[in-house]
Amino acid sequence: MFYIYCPYCGEHREEEEFHNHGQAHIERPADPDSCTDEEWGNYMFFRKSPKGLHHEIWDHVAGCRKFFNVTRDTVTYEIKEVYKMGEQPKVVAE
Amino acid sequence: MSQKNRLQSGGRIDRSKPLTFTYNGKQFEGFAGDTLASALLANGVDIIGRSFKYSRPRGIVAAGAEEPNAVMQLGATEATQVPNVRATQQELFSGLVSGSTNGWPSVDNDIMGVLGKVGGKMMPPGFYYKTFMYPATMWETYEKVIRKAAGLGRSPNEYDPDTYDKVNQHADLVVVGAGPAGLIAALTAARGGARVIIADEQNEFGGSLLSSKESVDGKAAGAWVASVVKELEANENVIVLPRSTVNGYHDHNFLTIHQRLTDHIADRAPNGQVRQRYHRVRSKWVVLATGAHERPLVFGNNDVPGCMVANAVSTYINRFGVVPGNELVLMTTNDNAYRTAIDWHDAGRKVQAIVDTRKNPSGALVEAARERGITVMTGSAVIDVQGSKRVSGVSVAPISEDGSKVTGSVKKLSADTVASSGGWSPVIHLSCHTGSKPVWNEDVLGFLPGKTVQKQLTAGAINGTFNTAGALEEGKKAGLEALSKLGLSAVEVDVPATTEVKESKAMALFHVPHTKPTSQAPKQFVDYQNDVTAAGIELACREGFESIEHVKRYTAMGFGTDQGKLGNINGMAVAAKVLNQTIPQTGTTIFRPNYTPITFGAIAGRDCGALFDPERYSAMHKWHLENGAKFEDVGQWKRPWYFPKAGESMQEALNRECLATRESIGILDASTLGKIDIQGKDAREFLGRVYSNAWAKLPVGKCRYGLMLKEDGMVFDDGVTSCLAENHFLMTTTSGGAATVLNWLEFYHQTEWPELEVYFTSVTDHWATMTISGPNSRKLLEELIDGDVDVSKDSFKFMDWKPMSVAGVPARVFRISFTGELSFEINVQANYGLHVWEKLFEHGAKYDLTPYGTETMHILRAEKGFIIAGQDTDGSVHPYDLGMGWAVSMNKPFSFIGKRGMQREDCVRAERKQMVGIKTIDPNVVLPEGAQAVFDPTASIPMPMVGHISSSYWSACLGRSVALGFVKGGLDKMGEKVYYPLVDGRIVEAEICSPIFLDPKGERQNV
Ligand SMILES: [Zn+2]
């Protein structure tokens, strides 16, 4: 049961208020029609599952309904930072 | 009713309050302050169960949470049955009814005993896998017999009559365990102003002090405990939780505490009291002061009743005034356990000998024992015991200094009780729950909490600090550290004085050697609950299971309800010895929540019965109830399913509802449809990106049907969206998909296209929606419209919407149709819903206005070939598969969601499964939904399957069955045959046809 800081609400809230949306920083290709099947497949289906630091999107779904990013250690489950959409992580894997 | 093992005085029991209880159908007496275990021992009950695999008689071995054998079934009535209760943790109350869990038909005469007595060779580790798995078809039979005979407890067959609570808490500090370390930690933090919760699984605070004869602060330990508890209880910042097990330590310092409020009072919570409470606590810091469990030694026949853990014996004597036998032999690797022999001796019963595995023990307790004239046999061990239902004697032999072998001749002693101590294992369980790996400590001869990312401090025996003085010091230190971490000031706390006892060094011994090799020696049990022996672990290692995790799974060591609290480390030591490596090289041990079993009631709390899941009702729900609707669950919505009249079958009701709608007029409560209000200057652009069709030119006042796709091109929702104003739209979604769709829109807006100015608001509950459908629907609507609004064919066209006043209420009326009939969807503010609905019926009576529910809605739409997303789609069909290419606009400038996905190689190949109509050759046969299609019914099994039926109904309007289904390449196979072999052996012949069964030209809705 995580304790997650919502950067929009400015508060820690229980995990039950949030929903995980998987890996962050996956951009929809600007011109999908020119993507090969392989490129499109990579965009749609391929996700990292790192042991260690992972950047994820979470949604404060039962709160302010805002999406934001979380850098989480998948081994210890520590949340290292949260940052808003459009921002870049400060904590990154070496 | 004699309590033959009860002492005349002493202990924390109240001899003036006798309590009567039942065990296995027999009445016994104990005293207030007893546990079920201490009361059974007081009455000389030796056998409390049969072992899981070998069905050997078993007795009580411990006095707390670590007890592996005394697992009881409680409950005076069927409804109050509780399985899996350790007798050592159950407080006695008057009228308590208990029984053995293991042993069928009885603990004294057991069916499995026959198997067990055949011997170890019959049932080696992996026995169940090896023997009972084959043939696989028999497994169910085997399982039933094994489970019944092995006895894992049973759950009640009636509803639990008690009430359970859940409570969420926030704390500065949770202190787990109220022994000396925990008490002083809590006291320190509380004095410093921290908000503290202190929880202990026992009924009384004090931990080890409850069963000790030590003095603290110059007075009896109990008096010091009482003074601390008094101060804590008086502090309004402190929550004191006795009878409360901290069962789980979860991520980000979240703890779950299982508090038992009435389990010690009665079978059922009295006077409507809450029986148990589940605390969910988010704490800034945690102090684990969870203590330690004493390890028994592993020796031959060490499971015979009468073999106990040394400290448990002391606990029964000192805390409960019960000496569980007459003649004691104590085997120990350390000084500490000498206390047990001294306690036994001082209680006036015979100590046959202390068998010390060390050559030259010399501590103060050793001297104290010798002064009492107790025989101390050094450099020796109890290699096995005699007796079956109770220990009758022991074999003692000298052993080598490293404990690896017997070095001299065996001597027999008479004894009925063997207490053993192999040292203490810190209770590190909670520290493991979040994944921290414990670390072996050679001085402690046990695992200590490993590195953790939790805000966790530890104090006392959990750190291997086994003396009271050390525990108090560490507790104070932890309390001060917590204050400092919390940003609170340090406070003065005096550590009370204790008497220091000098102890000599303990010996590292776990598995006692025998004159015979382990495989031939009498069984040496490691894990009592799962009947895992030292020989079994050796065999597992020899069979190639070298990882301790594999050994555990193969032998089932540690997989019981006790999680191997007593046995795991001994088991690792046995494996280490066979593998010729150290314990840390062999691995580590890990524990998972929950620390001890918890009732389902506590987990469920009040979230059961009617409160299990919220129910959503439309504004017209009352009317539906009054008019006999049968309901269907759609998500959390309770939707009318059909409205049977007296004496009507479901099919008769559906036939009537369908015909009434097509012949005159029917009405559907469509309020549950998801409704999302979309505004902003880029709303139109946004719609174009999330729907597969075009939205750029939809004028104000018009509605359009849209398909929503995922990036892979597959349909996931559909609905009608209307243009309310230039920058204002109302989107409808499926009833079940409303929340998902809103989340989907927000996700794309916030993460992909934040530059678009668009806002989404769920307005599902704000509107009541009633759909009137049928040739007379315009006439009915006209009667109710206030003022001059033209809803005639040409001025209110199909797919138009208009604001108007209906029955005196502002309304949005949409001329859309899901039935294929002339149809109007009237939306009014939800508060007016029932009013308008009733007005419609008032005026509709002359047209025989007929209410219908979801089932008739399904039939009417299937007759028209309209899909239901989620029924006719399953995440693997794109618009072209549905024959709905008309709803895709490939020429939109923006590459909408799903466009690229549906152009992938697999999505454009021929022979995809496509949705078609399915007409059975026999019109009276209604195919079951899910029926699999084949082209060649004579093909050998397994037949190539080419599709399935997704919707299927009896159509009263057409006088035949109608079905929608998927068939490989179906859109090019109109008129061809397809077959459906059913589970009952029938093969139904059918013809592929257009999915539009009724009014293919759509004339009925354009009137
Ligand atoms: Zn928020």
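How many salt bridges does a search of the whole structure find over all chains? In this predicted model, the search returns 53 salt bridges when all chains are taken together. One of the pairs within chain B joins Asp303(B) to Arg58(B), with the closest N and O atoms 2.9 Å apart. Asp303(B) is located in the loop between strand E16 (292-294) and strand E17 (307-309) of chain B, whereas Arg58(B) belongs to strand E4 (residues 57-58) of chain B, so this salt bridge ties together parts that are 245 residues apart in sequence.

The contact between the two chains was examined next. Chain A contributes 29 residues to the contact, and chain B likewise contributes 29 residues. Between them the chains bury about 2,500 Å², of which 48% is on carbon and sulfur atoms. On the side of chain B, the residues that lose the most area to chain A are His252(B), Gln750(B) and Arg900(B), which together account for 25% of what that side buries. Five salt bridges are counted between chain B and chain A. Among the salt bridges is that of Arg280(B) with Glu16(A), in which the closest N and O atoms are 2.9 Å apart. In addition, 23 residue pairs are found in polar contact across the interface of chain B and chain A. Within chain B, strand E15 (274-288) and helix H20 each supply at least two residues of the side that touches chain A. The greatest contribution to this side comes from H20(B), with seven residues. By residue class, the side of chain B that touches chain A comprises nine nonpolar, nine polar and eleven charged residues.

Helix H20 (residues 738-751) of chain B also lies across a sheet, where it spans E34, E35, E36, E37 and E38 of chain B and runs at about 25 degrees to E34(B). This sheet is open and consists of five strands in the order E35-E36-E37-E34-E38 (chain B), with antiparallel pairing. Strand E35 (703-709) and strand E38 (759-762) of chain B occupy the edges with a single partner strand each, so one side of each is left without a neighbour in the sheet. On average, neighbouring strands of this sheet are turned by 30 degrees against each other, direction ignored. Strand E34 (residues 674-679) and strand E37 (residues 728-733) of chain B run antiparallel and are joined by six bridges. Ile676(B) stands opposite Met731(B) of E37(B). A further helix, H19 (residues 683-690) of chain B, packs on the sheet and touches E34, E35, strand E36 (715-725), E37 and E38 of chain B. The direction of H19(B) makes about 30 degrees with that of E37(B).

Another open sheet of five strands in chain B has the order E2-E1-E7-E5-E6, and its pairing is mixed. Its edge strands are strand E2 (26-32) and strand E6 (82-86) of chain B, each of which pairs on one side only. Neighbouring strands here are turned by 40 degrees against each other on average, direction ignored. Strand E1 (residues 14-23) and strand E7 (residues 96-100) of chain B pair in the parallel sense over three bridges. Phe21(B) has Leu96(B) as its bridge partner in E7(B).

A hairpin is formed in chain B by E31(B) and E32(B), with two residues between the strands. Gly635(B) in this hairpin takes a positive phi near 60 degrees. Strand E31 (residues 630-634) and strand E32 (residues 637-642) of chain B are antiparallel and joined by five bridges. Tyr642(B), in E32(B), is the bridge partner of Lys630(B).

Backbone geometry was also considered in the loops. The peptide bond from Pro593(B) to Asn594(B) is cis, with omega near 0 degrees. Asn594(B) is situated in the loop between helix H15 (583-586) and helix H16 (600-604) of chain B. A cis peptide bond, again with omega near 0 degrees, leads from Ile941(B) to Pro942(B). Pro942(B) is part of the loop between strand E46 (932-933) and strand E47 (947-955) of chain B.

Chain A contains one helix and six strands, arranged from the N terminus on as β-β-β-α-β-β-β. Along the principal axes, its C-alpha atoms fill a box of roughly 45 × 30 × 20 Å. His25(A), a residue other than glycine, has a positive phi near 65 degrees. The position of His25(A) is in the loop between strand E3 (19-23) and helix H1 (37-45) of chain A.

Conventions. Residues are numbered from 1 along each chain as its sequence is written. Chains are lettered from A and ligands numbered from 1 in the order in which they are written. This is a predicted model: local features need pLDDT of at least 70, side-chain atom pairs count only at pLDDT 80 or more; totals for chains, interfaces and linings use all residues. Side-chain values use heavy atoms; hydrogens and water are left out. Two strands pair if DSSP finds at least two bridges between them. Helices (H or I, at least four residues) and strands (E, at least two) are DSSP runs, numbered from the N terminus. Axes are lines fitted to C-alpha atoms, for helices over the stretch in contact, and angles run from 0 to 180 degrees between N-to-C directions. Contact means heavy atoms within 4.5 Å. Buried area is the accessible area (1.4 Å probe) that two parts lose on being put together, summed over both. A salt bridge is a side-chain nitrogen of Lys or Arg within 4 Å of a carboxyl oxygen of Asp or Glu. A polar contact is a pair of N or O atoms within 3.5 Å; within protein, one must be able to donate a hydrogen and the other to accept it, and residues adjacent in sequence count only if both atoms are side-chain atoms. Ala, Val, Leu, Ile, Met, Phe, Trp, Tyr, Cys and Pro count as nonpolar, Asp, Glu, Lys and Arg as charged, and the others, Gly among them, as polar.
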